[in-house]
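Student: Can we go through this model together? I would like to start with the metals and then move on to the other ligand.

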Amino acid sequence: MNESMNNLIRQEISKAQKVLLVSHIRPDGDAIGSLIGLGLALEAAGKNVNLVSIDGAPSSLKFLPGYQKINQSVEDGFDLLIVVDCSDWQRTGLATKIEDKPGINIDHHITNDHFARINWVDTTAAATAEIIAENITSWGLELNQEIARALLTAIITDTIGFRTSNVSPRTLRIAADLLSSGISINEIYMQALVNRSLEAMRYWGAGLNKLQKEDGMVWTSLTLDDQNKTGYYGKDDADLINIISGIEGIPISIIFIEQPGGGVKVSWRAQPGYDVSRVAQEFGGGGHPAAAGAMFDSGLKEVQEIVIRNTRKLLNNYKSS
Ligand code: AMP
Ligand code: MN
Ligand code: MN
């Protein structure tokens with residue numbers, strides 16, 4: 001199956017001259033690393049490539065060559081549309097702007113709805129970049145050091161430094177191959193995962209001060225007031241969820257983040273054996289068993305109530321099964 005799928009992708013790529021490559025809104029390291037990695041490889045093969053992330057890219061990834069090539073809008077036409085690390089077409093933020101059905105969907109989300117003509121969805125991959133790195137030469141493209149740096153950054157960020165439960169021997173072999181191109185793992189680790197601004201750490205403090213716990217779950221919130229008090233104006237939780245999901249003996253952790261334009265973003269994390277993508281999907285969100293998210297229009301208090309109630313139900317299902 002892999003071989004015929006790879007042949008199809010190779011043919012699509014070889015036919016195309018203008019490629020539009022897009023990823024998901026509120027992009028993470030896998031979205032951007034996959035976009036840049038595949039984009040640079042297509043460019044090296046002589047394609048005219050347009051990389052689009054409508055929300056731009058996190059400044060922590062500025063060190064990646066190719067970062068400056070990312071556009072926030074689609075201006076030109078294209079003859080092949082490739083979507084990476086995105087579970088559904090709506091999540092590109094481009095569904096209202098582009099009528100064509102995407103050509104290729106490369107992803108690893110369990111909630112992927114196979115929205116393209118060719119859907120390469122491997123839910124055993126720890127990152128979309130793992131799929132790209134493994135198959136890129138079968139697609140008629142070549143790896144170089146800059147591409148390897150982007151793809152390894154994507155794998156390291158999506159696995160939080162190789163610590164998530166979906167990291168496999170294959171993930172590490174692919175990472176080792178990318179590393180052998182001569183790039184620095186220390187640079188990627190520090191730039192993309194470890195370094196934080198003072199403001200972001202103070203923002204963590206605001207969230208940590210409000211931690212709440214009940215049987216099986218912990219949660220906290222980050223408000224616009226917390227942003228103003230700490231001076232952190234980045235998107236989301238500055239990855240605080242990765243800290244609170246380390247609280248011992250707690251299978252599920254949740255963060256509620258008040259949004260500047262109204263509404264609340266919710267992030268769930270779960271220990272192995274629990275699937276929080278199910279509860280995220282109940283609210284129109286998605287993700288992986290161990291990491292999921294959803295966006296809400298209502299206010300913080302209301303969202304907290306309904307999300308805690310439904311997550312409690314999910315936990316109770318596990319207890320009774
Ligand atoms: P986050 O909590 O934003 O770090 O997201 C955790 C995982 O869930 C990532 O793989 C996201 O791509 C996915 N995810 C987050 N929000 C949504 C959403 N609204 N719809 C679909 N997938 C989402
Ligand atoms: Mn992603
Ligand atoms: Mn991913």
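Tutor: What follows covers the metal sites, the ligand shell and a few single residues. This is a predicted model, in which local features need pLDDT of at least 70, side-chain atom pairs count only at pLDDT 80 or more, and totals for chains, interfaces and linings use all residues. Residues are numbered from 1 along each chain as its sequence is written, chains are lettered from A and ligands numbered from 1 in the order in which they are written, and side-chain values use heavy atoms, with hydrogens and water left out.

Student: Fine. Which protein atoms are the donors of the manganese ion (ligand 2)?

Tutor: NE2 of His24, OD of Asp28, listed twice, and OD of Asp85, at 2.1 to 2.5 Å from the ion. Donors here are N, O and S atoms within 2.8 Å of the metal (3.2 Å for Na, K and Ca); water is not among the atoms, so sites may look incomplete.

Student: How are those donor residues spaced in sequence?

Tutor: The pattern for ligand 2 is H-x3-D-x56-D. His24 sits in the loop between strand E1 (18-22) and helix H2 (29-44), and Asp85 in the loop between strand E4 (80-84) and strand E5 (104-107), so this pair ties together parts that are 61 residues apart in sequence. Helices (H or I, at least four residues) and strands (E, at least two) are DSSP runs, numbered from the N terminus.

Student: And what are the donors of the manganese ion (ligand 3)?

Tutor: Ligand 3 has OD of Asp30, OD of Asp85, NE2 of His108 and OD of Asp158, lying 2.2 to 2.3 Å from it. Their spacing in sequence is D-x54-D-x22-H-x49-D. Asp30 is in helix H2 and Asp85 in the loop between E4 and E5, 55 residues apart, and the pair links distant parts of the chain.

Student: Which residue coordinates both manganese ions, and how far apart are the ions?

Tutor: Asp85 coordinates both, and the two ions are 3.8 Å apart.

Student: Are Asp30 and Asp85 buried or exposed?

Tutor: Asp30 is buried, at 0% relative accessible area, and Asp85 counts as buried at 1%. His24 is buried too. Buried means under 20% relative accessible area, exposed over 50%, and partly exposed in between (1.4 Å probe, protein chains only).

Student: New topic. What surrounds ligand 1?

Tutor: The shell has 14 residues, and the closest are Arg91, His109, Lys265, Ser267 and Arg269. A residue is near a molecule or strand if one of its heavy atoms lies within 4 Å of it.

Student: What polar contacts does ligand 1 make with His109, Arg91 and Gly293?

Tutor: A polar side-chain atom of His109 is 2.8 Å from an oxygen atom of the ligand. An N or O atom in the side chain of Arg91 is 3.0 Å from a ligand oxygen. Gly293 contributes a backbone N or O atom, 3.4 Å from a nitrogen atom of the ligand. A polar contact is a pair of N or O atoms within 3.5 Å; within protein, one must be able to donate a hydrogen and the other to accept it, and residues adjacent in sequence count only if both atoms are side-chain atoms.

Student: How much of ligand 1 does the protein cover?

Tutor: It covers 83% of the 480 Å² of accessible area that ligand 1 has on its own. Accessible areas come from the Shrake-Rupley method with a 1.4 Å probe; for residues, only the protein chains shown count as cover.

Student: Which elements give two or more residues to that shell?

Tutor: Strands E10 (264-270), E11 (286-287) and E12 (291-296). E12 provides the largest share, four residues. At least three residues come from each of domain 1 (2-193) and domain 2 (199-320), with bounds from an automatic or database domain assignment.

Student: Back to single residues. Where is Arg26, and what is its phi?

Tutor: Arg26 is in the loop between E1 and H2. Its phi is near 45°, a positive value in a residue other than glycine. Arg26 counts as buried at 15% relative accessibility.

Student: And Ser34, what does its side chain reach?

Tutor: The backbone nitrogen of Ala129, at 3.3 Å. Ser34 is in helix H2 and counts as buried at 0% relative accessibility.
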